[in-house]
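Colleague: Got a minute to walk me through this model? I have it open here.

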Amino acid sequence: MSEPLFEKIALIGIGLVGGSIALAARRGGLARKIVAATRSAETAATANRLKLTDHCGTDLAAACEGADLVIVCTPVGACGEVARVIGPKLKAGCIVSDVGSVKQAVVAAMQPHLPPGVHFVPAHPVAGTENSGPEAGFAELFDGRWTILTPLPDSDPAAVAKLETFWKGLGSLVDKLDPAHHDRILAITSHLPHLIAYTIVGTADDLGGHLNAEVLRFAAGGFRDFTRIAASDPTMWRDVFMNNREAVLEVLQRFQEDLFYLQRAIRWGEGDKLFELFTRTREIRRALIHLNQA
Ligand code: NAP
């Protein structure tokens, strides 16, 4: 059998993403030892019961001792504090990464706490579900989905290449983007759609009396799909919006203009404008299916 890519991997945070990395890394034989640490004893106990890693505890720094790959899998807002706690225990040559849905804010929060000699290569697997916690993890989460690495100008090329090999071993397709570009793209493809889903479901819930009951009873495809997205983890998504403010506000501004355009077309009976847009968007869906990302 060939040598695993890493001797010891430490995952900080063991929810949907951390748990899935653990299972996929084991499936791919990518590490000799995989450990995890999380904030609560309860989550650690669940991770141990599910045997997601060789061991899961609550001492974040201890878990990182001797690791040659550390991946921070907590909500974005916790990444800076995690880096501060684990920083002193990271061994020289260790690769440190994360899975946060926002990149610039995570880089700014983590980098000051990482000692020299450690290779920081931020990453974001663009794969997920609306479920969270260790029980939500599954080995196939990343299969055929994209992971975006956002190396920094001084990231060590060998460390970037090794992390790329790791993510490919987890089943992912890998690309690289600059962190600012990543945040702008994800604002429109992921963050805004979640904001819209949260808004629609909240608005429907605010409709009073029996109208509300009927909204839920007759929830058709469209609304049901939004409720699935709006069931996503509140902590994770609060942190995404608090940490990608500028890019989200920019696309939200554009979105509001386009919404007013449609509102006006409906008011003035300009069906051709609606038809033209709906035809264009249907093509986009078909292109996505063609790319295998739908
Ligand atoms: P999750 O299922 O809620 O798991 C989060 C994990 O982080 C839990 O183990 C939690 O521990 C731990 N944690 C939270 N705050 C912590 C802190 N202050 N210190 C130490 N550990 C802490 O979340 P997830 O869905 O895996 O998301 C994790 C990250 O992946 C987020 O940054 C998110 O942006 C990114 N991401 C998510 C998705 C998605 O679809 N969900 C997709 C791609 C990327 P306790 O339970 O012990 O509190």
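Modeller: Let's go through the sheet, a helix pair and a loop residue.

Colleague: What should I know before reading numbers off it?

Modeller: This is a predicted model, where local features need pLDDT of at least 70, side-chain atom pairs count only at pLDDT 80 or more, and totals for chains, interfaces and linings use all residues. Residues are numbered from 1 along each chain as its sequence is written, and side-chain values use heavy atoms, with hydrogens and water left out.

Colleague: OK, the sheet. What is the strand order?

Modeller: The order is 3-2-1-4-5-6, in an open sheet of six strands with parallel pairing. Strands are DSSP runs of E, at least two residues; helices are runs of H or I, at least four; both are numbered from the N terminus. Two strands pair if DSSP finds at least two bridges between them.

Colleague: Which strands stand at the edges?

Modeller: Strand 3 (55–57) and strand 6 (119–120). Each has a single partner strand, so one side of each is left without a neighbour in the sheet.

Colleague: And how many bridges join strand 1 and strand 2?

Modeller: Six, between residues 6–12 and residues 31–37. Phe6 has Ala31 of strand 2 as its bridge partner.

Colleague: Is strand 1 mostly covered or mostly open?

Modeller: Mostly covered, with six of its seven residues buried. Buried means under 20% relative accessible area, exposed over 50%, partly exposed in between (1.4 Å probe, protein chains only).

Colleague: Switching to helices. How do helix 7 and helix 10 cross?

Modeller: Their axes come within 11 Å and cross at roughly 120°. Axes are lines fitted to C-alpha atoms, for helices over the stretch in contact, and angles run from 0 to 180 degrees between N-to-C directions.

Colleague: Which residues make the contact?

Modeller: Ser190, His191, His194, Leu195 and Tyr198 of helix 7 meet Trp237, Val240 and Phe241 of helix 10. Contact means heavy atoms within 4.5 Å.

Colleague: Last one. Where is Lys51?

Modeller: In the loop between helix 2 (41–49) and strand 3. Lys51 has a positive phi of about 55°, although it is not a glycine. Lys51 is also exposed, at 59% relative accessible area.
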